[in-house]
Structures are given as C-alpha cells and as structure tokens.
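Got your viewer open and a selection box ready? Load the model and follow along, one selection at a time.

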Amino acid sequence: MTVRKNQAALTPEEKRAFTNALLELKRTGVYDRFVTTHNGFIMADTDSGDRVGHRSPSFLPWHRRFLLEFEAALQKVDPKVSLPYWDWTADRTSRSSLWAADFLGGTGRARDGQVMDGPFAYAAGKFNVNVRVDGRAYLRRALGEGVAELPTKAEVEAVLSMPVYDMAPWNSSSNGFRNHLEGWRGANLHNRVHVWVGGQMATGVSPNDPVFWMHHAYVDKLWAEWQARHPKSTYLPAAGTTNVVDLNDTMRPWNDVTPADLLDHRKFYTFDAEPVPAAAASQR
Amino acid sequence: MNKITRRQALGTAAGALSALGIAGATAHAAAADSRASIPAGTVDEVYQGRRIQITPATSGAGHHGGHHGGGHDGLPTVRIDGRELHVMRNADGTWISVVNHYETFADPTSLARAAVRELQGAVLAPFAPMGGTA
C-alpha cells in the first residue's frame, strides 16, 4: 500500500528516487501528457459552463484521480516511489529543504526567472518545458514574489472548520469548504500557493513544475482532514445539477470514475500521519 | 497581418470559427488599424514595449467560439503583439488569463498588463487549448 509522506521527512535516497522517476517520465513523454491534460481542463472549465477540474465541486476528486494516475506512472518507473506532500503552512520560506539543489532546486534568477539549480534546471538538460503558453522552454519560479506569504495554519484551520462541502452555484463564487480551499473566496489557500511559487506554477501549465504534485498532494490531504472532522458531511451536489459533476456522475477525461468512488483515499493510499477523526480530536 | 491570419487558420482548423466568426475576426483586425473609430471598451496601447490590443465582445458573433469547448459569447479578445491571450471571466466579474491563472484581475486591461510583466519579453504561444509548443 502506498504511503504518502511529508516531503520534509524524506530521506536523501527517497528524494533521489522521486526526482529520478520524474525525470524518467519526462524523458518518455508521459510527463508532458499530464501537463497537456491539466491545461486543457483549466482553459475549458468555466463558471457559467461545463466545469470539471477546477472552480467546481469536482476540483477535489478530479485532482485526487489525476494524482493517482500520475503516481501510478511514477510507480511503473520505480515501485518504491509515492507522491510526497508539501505542507506549505509549515515549510513556508524559500529556505525550506524542499527548494534545495538535491530536491526541487530553488527560486529563479532575477533576470528571467530561470531556475538555475537542482535536477529540473534547464541547464541540466533533462527537463525542458515543452507544453507551454509562451516561448520559454526553461522552468521558472519567483518564490514569494507574486504574493508575500503562504497560507498560515490558522487560515487552514478556519477553512477546515466549514461544515458544508460546497454550495450553489457550484463555481468560483460559492461559499463552503471546497471553494475556500480552492481559494477563489476567502483567505485563499490553493490558488495563493500557485501564485507564491510563480513561474509556470502560476499558469495553466502549472504541472510543468514538479512542486505541482506535492502542492496538490497536500490539498488532497486537507480534504481527508476535513472529512475526518465532519463525518456527517459529504460531497455535494447529490444529483441533477447542470454543468456540474454530481456525486455519482462520471468525470472526464476518464469517464469511468465518479466522485463517490474517490471519497475514501484509504482505498488507494494512506498518509504518514492519517487525519484524526472528529470524536478522537475533540477529546484531546 | 501574418500572425492574425495564422491565428484565424488555427481556429478554422479546429473547427471553431464559423463563416460569421471569420468575418468578425477580420473586422477586429481592421478596427485595430484605424484608430478613428475605436468602439467603447477597445484598448490599443504600448505597455512596457509590448502592444496590448483589446477588442470587446461582439454579441452573438461567436468569434471566441471553441476556446471553452462551446462558443462563449461575451469575452473580449486580448492580444499581445498580435498573439491572442486566453482569458476567462469569473462569476464575480473578475478576470484571469492563461499566464496568470490563479490570480484575479479587476478588468481586461490590468490582466493584459500583468501578462506583459509575466512574459518578460517572451512571445505567446499559438492559441492551442490542448497545449503544444510555440
């Protein structure tokens, strides 16, 4: 069974295995297909029309499935690898070990935003940005420039305390847990992290930066923590909603999986620190 | 005109442009060249050395059709140095673009200027909804 670990706790060998598997997926072209899929959905998902991957209730199960597919691809390269998660409430500066040269490499240089160290630097020759929205083929970042601060623990707590999963109109203007976690409303969690990293992470082709997977693995963990806290709450809407993926509707692009199939992450993986159920938490 | 013609060709290849849509796009190109009759909402400015052109949505023309998989009217066309920038309007009236997709802007002009800053001189890739190289 796959165990997803906090990136800060990975051993040097685990970091090496993870980055090597990423580079192998890049070499074979598998990696770029994931970038293309994400960009296709992010450009097609609209507040007033069909919406599946973003700005809609299925934001969370869609990305859970997307990450499962990516993790399965990594495990074909190296069965020992699993997706680490980045708790950006804890590792919240550009000096975090996440951004060291033995892992993801650091921020971009001032002149053009180009990442100059680590396995994914353009100069290392193994990680060209091929699926892109402009002419630049090098990985870029501007850590902390687009927005000064990553979300805090207190901001995450406030969102986790929201008891209702999602609300009409089921888009970027919704109240409820999903849209506050996604970040179109309120303190802004998920969206703000994309902006904080900058470079490709701030664009529609954000999976070009390997930190995409670790950011979304943590967003996914926050969904699991919300479920543990609100055992009587569930995915909404239940049925009959135009342009929106209901609980038992299949999701594109797979067409063989529903949000209901994905609610329990423990069918697929566990976390190094599993969310504590509400009853147990209240007794601490 | 080369770039605009190429963009039209791409749109036609994708089956996105109706005959009416092509006529609309041509009209926009012509409008950008004759500043005498700039309709309301049109922007044509040089910002940090880049030309930003914004033409307002034309109701019912469907010139933007296909980019969201179904022809959404009501979106302006934003170009930087003649290349179209993918833009989207949020339910609360704010705007995002494909180069700033997780950050909202109050209006298309501030969105286009942010895109120019983000591009740092780079040229937008051809408008291809499923990605691809420049």
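What follows is a walk through chain B, with a few stops in chain A.

Some ground rules before clicking. This is a predicted model, so to speak of local features pLDDT must be at least 70, side-chain atom pairs count only at pLDDT 80 or more, and totals for chains, interfaces and linings use all residues. Residues are numbered from 1 along each chain as its sequence is written, chains are lettered from A and ligands numbered from 1 in the order in which they are written, and side-chain values use heavy atoms, with hydrogens and water left out.

**Stop 1: all of chain B**

Select chain B and colour by secondary structure. You should find three helices and seven strands (DSSP runs numbered from the N terminus: H or I of at least four residues for helices, E of at least two for strands). Along the sequence they come as α-α-β-β-β-β-β-β-β-α. The chain has 134 residues, and 50% of them count as buried (under 20% relative accessible area; exposed is over 50%, partly exposed is in between, with a 1.4 Å probe and protein chains only). About 6000 Å² of chain B is exposed, 56% of it supplied by carbon and sulfur atoms (areas by the Shrake-Rupley method, 1.4 Å probe, with only the protein chains shown counting as cover for residues). Among contacts in chain B with a separation of 6 or more, 42% link residues 24 or more positions apart (contact means heavy atoms within 4.5 Å).

**Stop 2: the four-stranded sheet**

Now pick out S1 to S4 of chain B. They form an open, antiparallel sheet in the order S1-S2-S3-S4 (two strands pair if DSSP finds at least two bridges between them). S1 and S4 (83–85) are the edge strands of chain B, each pairing on one side only. From one strand to the next, the twist averages 25° (axes are lines fitted to C-alpha atoms, for helices over the stretch in contact, and angles run from 0 to 180 degrees between N-to-C directions). Add helix H3 (residues 108–119) of chain B: it packs on this sheet, touching S1, S2, S3 and S4, and its direction makes about 150° with that of S2(B).

Zoom in on S1 (residues 43–47) of chain B. Four of its five residues are buried, so the strand is largely enclosed by the rest of the structure. Five bridges join S1(B) to its antiparallel partner S2 (residues 50–55) of chain B. Show two facing pairs as sticks: B:Val46 is opposite B:Arg51, and B:Asp44 is opposite B:Gln53. The two strands make a hairpin with two residues between them, and B:Gln48 in the turn has a positive phi of about 50°.

Slide over to S2(B). Five of its six residues are buried, so S2(B) is also largely enclosed by the rest of the structure. It pairs with S3 (residues 77–80) of chain B over four bridges, again antiparallel, and B:Thr55 stands opposite B:Thr77 there.

**Stop 3: the three-stranded sheet**

Next, select S5, S6 and S7 of chain B. In that order they form an open sheet with antiparallel pairing. S5 (87–89) and S7 (100–105) of chain B stand at the edges with a single partner strand each, so one side of each has no neighbour in the sheet. The twist here averages 25° from one strand to the next. S6 (residues 95–97) of chain B pairs with S7(B) over two bridges; look for B:Trp95 and its bridge partner B:Phe105.

**Stop 4: the core**

Which residues touch the most other members of the largest nonpolar core? Select A:Trp86, A:Trp88, A:Phe177 and B:Leu85, out of 97 residues in that core (buried Ala, Val, Leu, Ile, Met, Phe, Trp, Tyr and Cys residues joined through side-chain atoms within 4.5 Å). Helix H7 (residues 211–229) of chain A gives the most to this core, with 11 residues. Centre on B:Leu85 and, leaving out residues up to four places away in sequence, you'll find contacts including B:Val78, B:Ile80, B:Leu111 and B:Phe127.

**Stop 5: a loop in chain A**

Finish at A:Ser96, in the loop between helix H3 (59–77) and helix H4 (153–160) of chain A. Is this residue buried or exposed? A:Ser96 counts as buried, at 10% relative accessibility. Beyond residues up to four places away in sequence, A:Ser96 touches A:Gln7 and A:Asp91.
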